[in-house]
Amino acid sequence: MKRHTKKTYTHQAYDVKLASDPLIRRLADVVWLGDSRETLRAFPAGIQGDLGYALYQVQLGQIPPDSKPMRTVGPGVYELRDQDERAWYRVFYLKKIADVIYVLHCFEKRTAQTEQKDIAVAKERLKRLNEQQHTKEKQQTGRSSNQRKRS
């Protein structure tokens, strides 16, 4: 067999180049709030696959084709959508914050209108998440000011 290059593609230098390539992005973490993960797992297999792939695209920093902002829930909240012959399936998520995607709520619906109870659940989880983030920031700023006082 004739070799066309001096080094094969599986050479270590090539592997190192791949590992350090800035175009290869680190996947964002996904945090599931409430029962959203269990609800998504109860969806039909095809729907799970489609919505799972859409979440993967979000992890990569891409915008899935069937995603739209959900301003009624809050700023930065988006909706992933899928359907089959039985129902419509939705995933509300908060876009990346410090390389984390927060899945606020997953649900299925049988009418075109999103029920207020589903919007209320997502709003409540977003509110709690914002409170947790605010508390965490306060604690971190408190620690850094205490460290400065000790120095």
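## A patch on the surface

Which residues form a nonpolar patch on the surface? In this predicted model, the patch is made of Leu-27, Tyr-53 and Tyr-56, and together they have about 290 Å² of accessible area. To find one of them, look for helix H3, residues 45-59, where Tyr-56 lies. Tyr-56 is partly exposed, with a relative accessible area of 35%.

## The overall plan

Now let's step back and view the protein as a whole. Its secondary structure comes to four helices and five strands. If you read along the sequence, these elements follow the pattern α-β-α-α-β-β-β-β-α.

The protein has 151 residues, and 31% of them count as buried. About 10800 Å² of the protein is exposed, with carbon and sulfur atoms supplying 52% of that area. You can also ask how the chain meets itself: among contacts between residues at least 6 apart in sequence, 48% join residues at least 24 apart.

## Salt bridges across the chain

Side chains of opposite charge can pair when their charged atoms come close. In this protein the count comes to eight salt bridges, and a few of them are worth finding on screen.

Start with Arg-125 and Asp-35, whose side chains meet in a salt bridge at 3.0 Å, N to O. Arg-125 lies in helix H4, while Asp-35 lies in the loop between strand E1 (29-32) and helix H2 (36-41), so this pair ties together parts that are 90 residues apart in sequence. Arg-125 counts as buried, because its relative accessibility is 12% and the cut-off for buried is under 20%. Asp-35, at 39% relative accessibility, counts as partly exposed. Leaving aside neighbours within four places in sequence, Arg-125 is in contact with Leu-33, Gly-34, Asp-35, Ser-36, Leu-104 and His-105.

Another pair to look for is Glu-108 and Arg-86, which form a salt bridge with their closest N and O atoms 3.1 Å apart. This pair links distant parts of the chain: Glu-108 is in strand E5 and Arg-86 is in the loop between E3 and strand E4 (88-94), 22 residues apart. Both partners are partly exposed, Glu-108 with a relative accessible area of 31% and Arg-86 with 44%.

## Glu-79 and its partners

Which residues are linked with Glu-79 in a network of salt bridges? They are Lys-68 and Arg-90. In the salt bridge between Glu-79 and Lys-68, the closest N and O atoms are 3.9 Å apart. Glu-79 lies in strand E3 (residues 77-83) and Lys-68 in strand E2, so the pair ties together parts that are 11 residues apart in sequence.

Is Glu-79 buried or exposed? Glu-79 is buried, with a relative accessible area of 3%, whereas Lys-68 is partly exposed at 34%. Strand E2, the place of Lys-68, covers residues 67-69. Not counting neighbours within four places in sequence, Lys-68 is in contact with Tyr-78, Glu-79 and Arg-81. You can also trace the spacing between Lys-68 and Phe-92: they are 24 residues apart in sequence and 9.7 Å apart in space, C-alpha to C-alpha.

## A buried lysine and its threonine neighbour

Next, find Lys-109 in strand E5. Lys-109 is buried yet has no salt bridge. How far away is the nearest side chain of opposite charge? That side chain belongs to Glu-79, and it is 5.0 Å away. A salt bridge calls for a distance within 4 Å, so this pair does not count as one.

Lys-109 does have polar partners. The side chain of Thr-114 makes a polar contact with the side chain of Lys-109 at 3.0 Å, and the backbone oxygen of Ala-112 lies 3.1 Å from a polar atom of the Lys-109 side chain. Leaving out residues up to four places away in sequence, Lys-109 touches Ala-87, Trp-88, Arg-90 and Thr-114.

Thr-114 itself lies in the loop between strand E5 (100-109) and helix H4 (116-150). Thr-114 is buried, with a relative accessible area of 13%. Beyond its neighbours within four places in sequence, Thr-114 is in contact with Glu-79, Phe-92, Phe-107, Lys-109 and Ile-119. The C-alpha atoms of Thr-114 and Trp-88 are separated by 9.9 Å, and these two residues are 26 apart along the chain.

Note on methods
Residues are numbered from 1 along each chain as its sequence is written. This is a predicted model: local features need pLDDT of at least 70, side-chain atom pairs count only at pLDDT 80 or more; totals for chains, interfaces and linings use all residues. Side-chain values use heavy atoms; hydrogens and water are left out. Helices (H or I, at least four residues) and strands (E, at least two) are DSSP runs, numbered from the N terminus. Buried means under 20% relative accessible area, exposed over 50%, partly exposed in between (1.4 Å probe, protein chains only). Contact means heavy atoms within 4.5 Å. A polar contact is a pair of N or O atoms within 3.5 Å; within protein, one must be able to donate a hydrogen and the other to accept it, and residues adjacent in sequence count only if both atoms are side-chain atoms. Lys and Arg count as positive and Asp and Glu as negative; His and the chain ends are not counted. Patches are made of residues with over 30% relative accessible area and no salt bridge: like charges are joined within 9 Å, nonpolar side chains (Val, Leu, Ile, Met, Phe, Trp, Tyr) within 5 Å. Accessible areas come from the Shrake-Rupley method with a 1.4 Å probe; for residues, only the protein chains shown count as cover.
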